[in-house]
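Me: Please take me through this structure, and give the reason behind each term.

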Amino acid sequence: MAYTLPGARDRMMFVDVSKGTGSPTYERVGKGFDTATPSSNTQTQSMQWIDEANQTTTTTSKSIQRAISGKRAVGDAFNDYFCSMFDKLGSDAETTMVLVDSWDESSQTPGTYAAKKYSVVIDCTNDGGGAATDGLPIEGTIYINGDPVTGTFVLATKTFTEGE
């Protein structure tokens with residue numbers, strides 16, 4: 001049996017950079033970024049019944065986020081958008097993100113992929129600063145709010161359609 005061993009480039013993140021100006025404009029998280037580490041921050045609840053020696057644990061919720069970092073790449077649409085979020089608060093820092101796995105392409109419609117869309121908050125914590133020899137490092141966190149919406153994403157047009 002052959003296995004696919006995908007790399008980081010095969011899990012694609014697209015963020016709406018339109019800043020609420022109309023229809024979404026999804027741009028890929030990529031140029032300048034070398035790290036995108038997810039964490040689930042799982043909340044659990046443990047129960048132990050009086051007739052059992054050991055507890056049973058269940059998950060109750062997750063606070064999902066993705067820590068991203070890299071270097072400033074002026075001119076890349078997402079990199080520029082991300083750095084513009086450095087001083088944004090509240091609804092000004094909210095947008096949507098679509099996650100697409102390159103190995104989940106539709107067999108009926110090439111170029112269309114199963115996808116999940118999330119409401120997110122972009123928190124740029126460093127918009128380009130550090131040691132002189134480091135260029136302009138940037139970093140921050142994408143916080144995921146609520147449950148995802150499943151659908152499809154057309155790579156050529158960067159459009160998400162719910163529920164397909």
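Reply: What follows is a short set of questions on terms, with answers. This is a predicted model, in which local features need pLDDT of at least 70, side-chain atom pairs count only at pLDDT 80 or more, and totals for chains, interfaces and linings use all residues. Residues are numbered from 1 along each chain as its sequence is written, and side-chain values use heavy atoms, with hydrogens and water left out.

Me: Why is Asp-147 called exposed?

Reply: Exposed means over 50% relative accessible area, buried under 20%, and partly exposed in between (1.4 Å probe, protein chains only). Asp-147 has 68% relative accessibility, so Asp-147 counts as exposed. Asp-147 is found in strand β9, residues 137-154; a strand is a DSSP run of E with at least two residues, numbered from the N terminus.

Me: Why does Phe-153 count as buried?

Reply: The relative accessibility of Phe-153 is 0%, so Phe-153 counts as buried. Phe-153 also lies in strand β9.

Me: What does Phe-153 touch, not counting residues up to four places away in sequence?

Reply: Contact means heavy atoms within 4.5 Å. By that rule Phe-153 touches residues including Phe-14, Tyr-26, Val-100 and Phe-160. Phe-153 and Val-100 are 53 residues apart in sequence, but 7.4 Å apart in space, C-alpha to C-alpha.

Me: What makes β6 and β9 a pair?

Reply: Two strands pair if DSSP finds at least two bridges between them. β6 and β9 have 7 bridges, in the antiparallel sense. One of the bridge partners is Ile-142 in β9, which is matched with Arg-66.

Me: How many bridges join strand β3 to strand β6?

Reply: There are 6 bridges between β3 (residues 33-39) and β6 (residues 65-71), and the two run antiparallel. Ala-36 stands opposite Ile-68 in β6.

How values were computed: Helix = DSSP H or I, 4+ residues; strand = E, 2+ residues; numbered from the N terminus.
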